[in-house]
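Please consider the sequence and the three-dimensional model shown below. The paragraphs that follow lead through a chain-end contact, the nonpolar interior, a pocket and the charged pairs.

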Amino acid sequence: MNVAFERPLFILIAIIAIPVIVFCSRFFKPLFSLNLAFAPPGGIPFKSPVNLKYLVRFLSALELSTVFLLCIAVAGPHVVRSEVIWLDRGADIIFAIDISPSMSGIDMDGRSRFDTARELLRDFADKRPQDAIGLIAFAEDAAILTPMTTDRPSLFARLDTLAIGEMGDATAIGTSLALAGFHMNNSQAPRRAVVLISDGENNSGSIHPETAAAVLGQMGVTLWLIGIGSGGIIPFSYVEPATQMFRSGTFESSFDQDNHRRIAESAGGHWIYAPTAAAFTEAFARLDRGEMIIHRSGSVRRHEPFHAVFIIAAIVIFSGVRFVKRRILGALV
């Protein structure tokens, strides 16, 4: 981003014109002037209670500044911004994230599974601005939080407000896959993918996960199922959204990896087990490579004029000076 002028010659004119005006006002006095004393003959001449000489000079300088401001406005100031334009459509990707309480388990290098998932999703979206990314959250039920979009601020804003326990304490994998398939149905993107992240098994909802996964495969949508979390006794902590109560303790972490693998295979997709933070990071790197699209891009320069700021400033300053001279100082200047 930089600032430019359509007619920079007018800035030079302003730089020259102001000294000329000052010179003329100082050396070319009126041909005829008459000094009158504000007092009876022989009396004491009127004197202002304050020295107005510097005030008058300051007001005159402000008047001259309006000339400079108007010259800048005529010069056509504008901000030039360069924007990347993608010439090819990116992939359509929906992330379905488990937000059941077990996702607050702290076994990702001192961080929770949920926080690590959010951070990796954000990094993935930042690296692929051309892709339309949607967000589904699921626990006892599932809901689309952000439809597929390239608007990253909207996606990140909703991702930041997402909370563990927001949708109960079960795991509706089948419902979330069916919901993702519904929103993928009309997509015309060259690549389409659903990425489901969970640390548990399906135990809620009326849709079988393998059935929903098979439908995704028939639609030509690639399913990536990432099972996260190590086994054993895991500490957890989170704030319950409904009551704002802090929950903490330990739980025994385990899930049927073969069950996850069967779900992924039903869609002809990919199953990745990520028991550690490093493995979770590598899962996203593999996802990035697997859904890679070669893109052509160009750039466009956008011009945003802001001359109105200088015009308004000149009007305000000039009006203020005239008001002070005529209404406040009156005949003293």
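Pro305 touches Pro77 and His78 once residues up to four places away in sequence are set aside. The model is a predicted one, and in it Pro305 belongs to strand E13, which spans residues 297-305. With a relative accessibility of 54%, Pro305 counts as exposed, because the threshold for that class is over 50%. Pro305 can also be related to Phe5: the two are 300 residues apart in sequence, yet their C-alpha atoms are 9.2 Å apart in space.

From this exposed position the description turns to the interior. In soluble globular proteins, nonpolar side chains tend to be buried together. The largest nonpolar core here has 41 residues, and those with the most contacts inside it are Phe95, Ile197, Ile226, Phe280 and Phe284. Helix H3 supplies the largest share of this core, namely six residues. Ile197 illustrates how such a residue is surrounded: leaving aside neighbours within four places in sequence, Ile197 is in contact with Phe95, Ile226, Phe280 and Phe284, among others. The remaining contacts of Ile197 include Ala96, Ile97, Asp98, Phe138 and Ile228. A second core, separate from this one, has 23 residues, among them Ile94, Ala212, Ala213 and Ala267.

Which residues line the second largest pocket? The lining consists of Ser104, Ile106, Ser112, Phe114, Asp115, Arg118, Leu162, Ala163, Ile164, Ser237, Tyr238 and Val239. Two elements give two or more residues to this lining: helix H3 (113-127) and strand E10 (232-239). Helix H3 thus appears again, having given six residues to the largest nonpolar core. The volume of the second largest pocket is about 210 Å³. Sorted by class, its lining has seven nonpolar, three polar and two charged residues.

The charged side chains form a further theme. Side chains of opposite charge can pair when their charged atoms come close. The model contains 15 salt bridges, where the criterion is a side-chain nitrogen of Lys or Arg within 4 Å of a carboxyl oxygen of Asp or Glu.

One of these pairs joins Glu210 to Arg262, with 3.7 Å between the closest N and O atoms. Glu210 lies in helix H6 (residues 209-218) and Arg262 in helix H7 (residues 257-266), so this salt bridge ties together parts that are 52 residues apart in sequence. Glu210 is partly exposed, at a relative accessible area of 25%, and Arg262 is likewise classed as partly exposed, at 38%.

In another pair, Glu166 forms a salt bridge with Arg158, the closest N and O atoms being 2.9 Å apart. Glu166 is partly exposed, with a relative accessible area of 32%. Arg158, at 22% relative accessibility, also counts as partly exposed, because buried means under 20%.

Is Arg289, which meets Glu282 in a salt bridge, exposed or buried? At 51% relative accessibility, Arg289 counts as exposed. Its partner Glu282 is partly exposed, with a relative accessible area of 41%. The N to O distance in this salt bridge is 3.0 Å. Beyond these pairs, Asp107, Arg113 and Asp199 are linked in a network of salt bridges.

Key. Residues numbered from 1 in each chain as written. Predicted model: local features only at pLDDT ≥ 70, side-chain atom pairs only at ≥ 80, totals over all residues. Heavy atoms only, no water. 1 Å grid on protein atoms, 1.4 Å probe; cavity = no way out; pocket = protein on both sides within 12 Å on 5 of 7 lines; lining within 4 Å. Points joined across faces, edges and corners; volume = space filled by probe spheres on them. Helix = DSSP H or I, 4+ residues; strand = E, 2+ residues; numbered from the N terminus. Nonpolar A, V, L, I, M, F, W, Y, C, P; charged D, E, K, R; others polar. Buried < 20%, exposed > 50% of the residue type's maximum accessible area, 1.4 Å probe, protein only. Core = buried A, V, L, I, M, F, W, Y, C linked by side-chain atoms within 4.5 Å. Contact = heavy atoms within 4.5 Å.
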